[in-house]
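I opened the notebook to look up the ligand site and the enclosed space. My notes follow.

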Amino acid sequence: MAIKRGVGVSPGVVIGRAVVLETEEARVPRRTIPAALLEHELHLVERSFESARAEVAAEREVFAGRAGDELADIFGFHERWLADPKPRKEISQLIRDKTFSAAYAIGVFMRRYRRRFLEMSSPYLQERAKDILDIERRLLRHVGAEVQQEVATVDEPVIVFAHDLTPSQTVTLERTRKLLGFATDLGGSTSHTAIVARGLGIPAVVGLGDMTSLVSAGDVVILDGSHGVVIVNPDSSQVEEYETQAAHLVEVRHALEGLRDLPAVTKDGERIALLGNIEFPEEVVGAVEKGAEGIGLFRTEFLFLQGGPEPSEEEQFQVYRQAAELLSGRPLVIRTVDLGADKYVQGKVAEPERNPFLGLRSIRYCLQNLAMFRAQLRAIMRASNHGNVRIMFPLITRVMELRQARYLLSLVMEELEEEGYEFRGNIPVGVMVETPAAALCARELAREVDFFSIGTNDLIQYTLAVDRTNEKVAQLYTALNPSVLRLIKMIIDAGDGEQRDMSMCGEMAADPMCTMLLIGMGLRKFSAVANSLPMIKRIVRSITLADAHRVASRVAGFETEREVVNYLRDETRKVAPDLV
Ligand code: PEP
Ligand code: MG
């Protein structure tokens with residue numbers, strides 16, 4: 001038996017047999033061809049590009065039907081690459097110059113090309129190497145070359161293990177309807193594969209280290225995508241325990257559906273607002289279906305992480321307008337791009353930073369890339385006329401940064417006015433409070449904004465000095481550390497003191513075990529991934545304000561996170577035993 005912990009990127013519990021995929025580069029034997037076969041091999045290259053392109057287009061369509069066009073755009077990189085005449089020209093040149101077979105020439109060219117991406121410092125661009133590998137495997141298949149195990153050949157429901165998986169492999173597996181879940185050695189929660197898994201609702205754990213060397217095909221495996229746990233060859237009591245848990249999760253999900261149209265109100269009548277977090281505009285529909293009263297966080301940087309050129313002002317305007325219109329008057333908080341650190345743009349990789357999380361990220365990146373920032377602000381302001389749009393600046397650490405961003409916003413408004421655009425001049429402006437610096441001067445910031453949102457994901461990493469993407473220190477990363485809790489309390493008190501609209505949009509807001517505590521600390525607005533909203537509502541409807549205050553004041557007296565965790569688990573179990 002082996003238990004491994006990784007990063008749970010898509011929730012759910014599944015039990016099944018393992019299949020271990022080889023996803024290393026396909027090795028094609030070196031073969032040269034006689035001159036008479038030259039035209040034939042050149043034709044093979046052309047045909048393989050066209051077939052692969054058609055295949056990707058078909059997969060995109062399948063995925064779009066399941067998860068929406070915007071998410072399906074993950075395949076845009078493949079399509080654009082396969083449509084580009086340059087790679088096939090260079091491959092053809094290799095065939096002409098070196099008399100390589102089509103398969104071998106493709107292998108040589110793709111390996112070189114892939115290496116270029118692997119050597120880049122940006123995690124985003126390194127991620128694209130996976131796409132290149134995926135394209136190579138497709139091309140080789142279409143020239144009839146022997147390639148290693150194809151994911152589609154899996155013919156019983158399985159849990160797939162791979163060193164890494166490309167987004168399209170994930171979709172191919174899902175399409176065969178034999179994929180129960182998947183686990184990978186590499187990856188973090190922001191990888192495209194993780195986004196695809198969530199979009200498809202496949203339980204998944206990534207970042208498991210050397211997992212693939214611990215599991216063999218045919219092993220029985222438990223995969224818990226909610227907690228990031230994988231158990232290989234569990235004993236019968238573990239299987240029983242997780243089977244019960246899986247059945248229970250299904251029951252809970254059904255029961256929670258019944259809450260959809262009920263208000264999020266405590267037993268003694270306190271109204272709690274529930275909003276959704278999204279990365280793409282289509283997600284608005286799912287969020288509203290799960291009971292979101294609006295969108296509290298639209299992470300717009302994902303629009304910039306699709307490969308290809310940066311989205312233009314016009315393209316962004318269409319996206320923001322679409323989200324605003326889908327919300328029919330409900331609020332839409334558009335966060336300006338939070339690029340940098342683990343979320344890069346192509347043009348940014350020339351100079352790798354030593355400490356990217358402390359470097360040129362987020363609002364700092366925007367204030368040094370004014371053309372891009374200005375285009376986004378213009379797009380948001382133009383969309384403000386089509387719904388209840390609000391604008392939020394991320395990673396503000398000082399008042400001057402906020403003033404600079406606001407100044408730019410005012411210039412953009414002047415420009416738009418001169419150009420005759422209509423927009424909402426008094427658009428609410430807010431900031432994310434997600435650093436200790438912002439927490440400590442939250443009152444000063446609050447005076448200069450209409451609202452703020454607490455970003456616990458970053459607040460935790462900066463307070464506890466724990467990189468949120470580093471699996472080696474993942475056990476130190478917790479919102480329930482007393483220092484983090486004190487800062488959160490300080491932020492809430494500052495917002496209350498200045499009577500500012502205030503929400504929390506970090507993952508802590510999505511954790512039902514924290515709901516009572518946060519309400520007791522004074523929070524009244526939660527913004528979270530759509531799937532967690534029914535659980536939060538369930539807790540809200542099961543408690544009174546007095547319960548919440550009692551929990552918060554007890555937690556305030558604890559010295560260690562262990563005490564906090566144990567206490568919150570017990571208290572949550574008392575009000576909603578089925579959720580713990
Ligand atoms: C946060 O930091 O809590 C947050 C919501 O922003 P992101 O996770 O996108 O950094
Ligand atoms: Mg953040």
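**Entry 1: ligand contacts.** I worked from a predicted model. I began with a polar side-chain atom of Asp458, which lies 3.0 Å from an oxygen atom of ligand 1. I then looked up how much of the ligand is covered. Ligand 1 taken alone exposes 290 Å², and the protein buries 99% of that. I found two further polar partners. An N or O atom in the side chain of Arg299 is 2.8 Å from an oxygen atom of ligand 1. For the side chain of Glu434, the corresponding distance to a ligand 1 oxygen is 2.9 Å.

**Entry 2: the shell.** I listed 15 residues around ligand 1, with Arg299, Arg335, Gly455, Asn457 and Arg468 coming nearest. By class I noted eight charged, four polar and three nonpolar residues. Strand E10 (295-299) and helix H18 (456-464) each supply at least two residues of this shell. H18 gives the most, with three.

**Entry 3: cavities.** How many cavities of 30 Å³ or more does the structure hold? I found three. The largest has about 100 Å³ of space. Its lining has 14 residues, and Val333, Phe451, Asp501, Ser503 and Lys525 lie nearest its centre. Strands E10, E11, E12, E14 and E15 each give two or more residues to that lining. I classed the lining as eight nonpolar, three polar and three charged residues.

**Entry 4: where the ligand sits.** Which cavity holds ligand 1? I placed ligand 1 in the second largest one. That cavity has a volume of about 80 Å³. Among its 15 lining residues, Arg299, Arg335, Glu434, Asn457 and Asp458 are closest to its centre.

Key. Residues are numbered from 1 along each chain as its sequence is written. Chains are lettered from A and ligands numbered from 1 in the order in which they are written. This is a predicted model: local features need pLDDT of at least 70, side-chain atom pairs count only at pLDDT 80 or more; totals for chains, interfaces and linings use all residues. Side-chain values use heavy atoms; hydrogens and water are left out. A residue is near a molecule or strand if one of its heavy atoms lies within 4 Å of it. A polar contact is a pair of N or O atoms within 3.5 Å; within protein, one must be able to donate a hydrogen and the other to accept it, and residues adjacent in sequence count only if both atoms are side-chain atoms. Accessible areas come from the Shrake-Rupley method with a 1.4 Å probe; for residues, only the protein chains shown count as cover. On a 1 Å grid over the protein atoms alone, a cavity is a set of points where a 1.4 Å probe fits but cannot get out, and a pocket is an open set with protein on both sides within 12 Å along at least five of seven lines; lining residues have an atom within 4 Å of a point. A molecule sits in a cavity or pocket if more than half of its atoms lie within 2 Å of its grid points. Helices (H or I, at least four residues) and strands (E, at least two) are DSSP runs, numbered from the N terminus. Ala, Val, Leu, Ile, Met, Phe, Trp, Tyr, Cys and Pro count as nonpolar, Asp, Glu, Lys and Arg as charged, and the others, Gly among them, as polar. Grid points are joined across faces, edges and corners, and a volume is the space filled by probe spheres set on the points.
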